[in-house]
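Let's explore a protein chain together, one question at a time. Have the picture ready and follow along.

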Amino acid sequence: MYRILIVDDEAKIREVLAEYAEFEGFASDQAADGMEAVNKCKNEDYDLILMDIMMPKLDGYSAVKEIRKFKDIPVIMLSARGEEYDKLFGFEIGADDYVVKPFSPKEVMARVNAVLKRNAQAKSPKQNNSVLKFEGLEIDMLGRNVFVDGVKAELTPKEYELLFYMVNNKDIALSREKLLSDVWGYDFYGDDRTVDTHIKMLRSNLKEYRKFIVTLRGMGYKFEV
């Protein structure tokens, strides 16, 4: 059974999401602020976190950054702030999805299921060769590790998924719409800038091997060696 941590300073929102999570067959735990969420994640294991942003003591962005230091848990951000900048910042710190309030609990659960499914698939890749090498770039599919000239690259979960997807589709032209659909998944309300932002961050982490991610002007990208 999947365990979900619901983090929000509004008790009513936590209760509603917990009720819907139970209906979906999930176990849930709750935290009223970011600090409590960080402490719970230190002592407990969760399969996914629903994280509000504007909270007392420690905001959602800061809480995610702290949690990422010791655990890699998928996160869906919840916020009343729907500006593009806020969404992009959430993705930059490693959020898997972003839901704007007011939201439908059913939609949130659909996104939860989609993220859990993608995460499970990412942890169980079907490659015959789990370690791929392209010059000084080494990609460990099973271990979810990337090394640049022998040094481990610190990628966000979404950067891992994006790179692995592009490598698995090496030499195939991938449109931004295709990447949004297959990497971000079900009913993701993103746009081209979401893909471009993650490609930019991924290239930065790959350093000189950024050359393998080729821009297809007016269309998308391709992993080409």
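Q: What span should the 13 residues of α1 have at 1.5 Å a residue, and how far apart are its end C-alpha atoms?
A: This is a predicted model, in which local features need pLDDT of at least 70 and side-chain atom pairs count only at pLDDT 80 or more, while totals for chains, interfaces and linings use all residues. Residues are numbered from 1 along each chain as its sequence is written, and side-chain values use heavy atoms, leaving out hydrogens and water. Helices (H or I, at least four residues) and strands (E, at least two) are DSSP runs numbered from the N terminus, and the expected span of a helix is 1.5 Å times one less than its number of residues. For α1 the expected span is 18 Å, which agrees with the distance between its end C-alpha atoms, 18 Å.

Q: Which residues of α1 are buried?
A: Buried means under 20% relative accessible area, exposed over 50%, and partly exposed in between, with a 1.4 Å probe and protein chains only. By that rule, the buried residues in α1 are Ile13, Arg14, Leu17, Ala18 and Ala21.

Q: Within what arc do the buried residues of α1 fall, seen down its axis?
A: An α-helix has 3.6 residues a turn, so residues three or four places apart point the same way. The arc is that of the directions from the helix axis to the C-beta atoms. In α1 the buried residues line one face of the helix, because they fall within an arc of 130°.

Q: Which exposed residues does the face of α1 turned away from its buried side carry?
A: Look at the other face of the helix now. There you will find the exposed residues Lys12, Glu19, Glu22 and Phe23.

Q: In what order do the five strands of the parallel open sheet stand?
A: Two strands pair if DSSP finds at least two bridges between them. β2 (27–31) and β5 (97–100) are at the edges with a single partner strand each, so one side of each has no neighbour in the sheet. The twist from one strand to the next averages 20°. The full order is β2-β1-β3-β4-β5.

Q: Which residue of β4 is the bridge partner of Leu50?
A: Strand β3 (residues 48–52) pairs with strand β4 (residues 75–79) in the parallel sense, over four bridges. Opposite Leu50, the bridge partner in β4 is Ile76.

Q: What angle does the direction of α1 make with that of β2?
A: Helix α1 (residues 11–23) packs on the sheet and touches β1 (3–7), β2, β3 and β4, where contact means heavy atoms within 4.5 Å. Axes are lines fitted to C-alpha atoms, for helices over the stretch in contact, and angles run from 0 to 180 degrees between N-to-C directions. The angle between α1 and β2 is about 170°.

Q: Which residue in the turn between β11 and β12 has a positive phi?
A: Strand β11 (residues 213–216) runs antiparallel to β12, joined to it by four bridges. The two form a hairpin with three residues between them. With a phi of about 75°, the turn residue is Gly218.

Q: Which are the edge strands of the open sheet of three strands?
A: This antiparallel sheet has the order β10-β12-β11. Each edge strand pairs on one side only, and the two are β10 and β11.

Q: At about what angle to β12 does helix α6 run?
A: Helix α6 (residues 157–168) lies across β10, β11 and β12. Relative to β12, its angle is about 70°.
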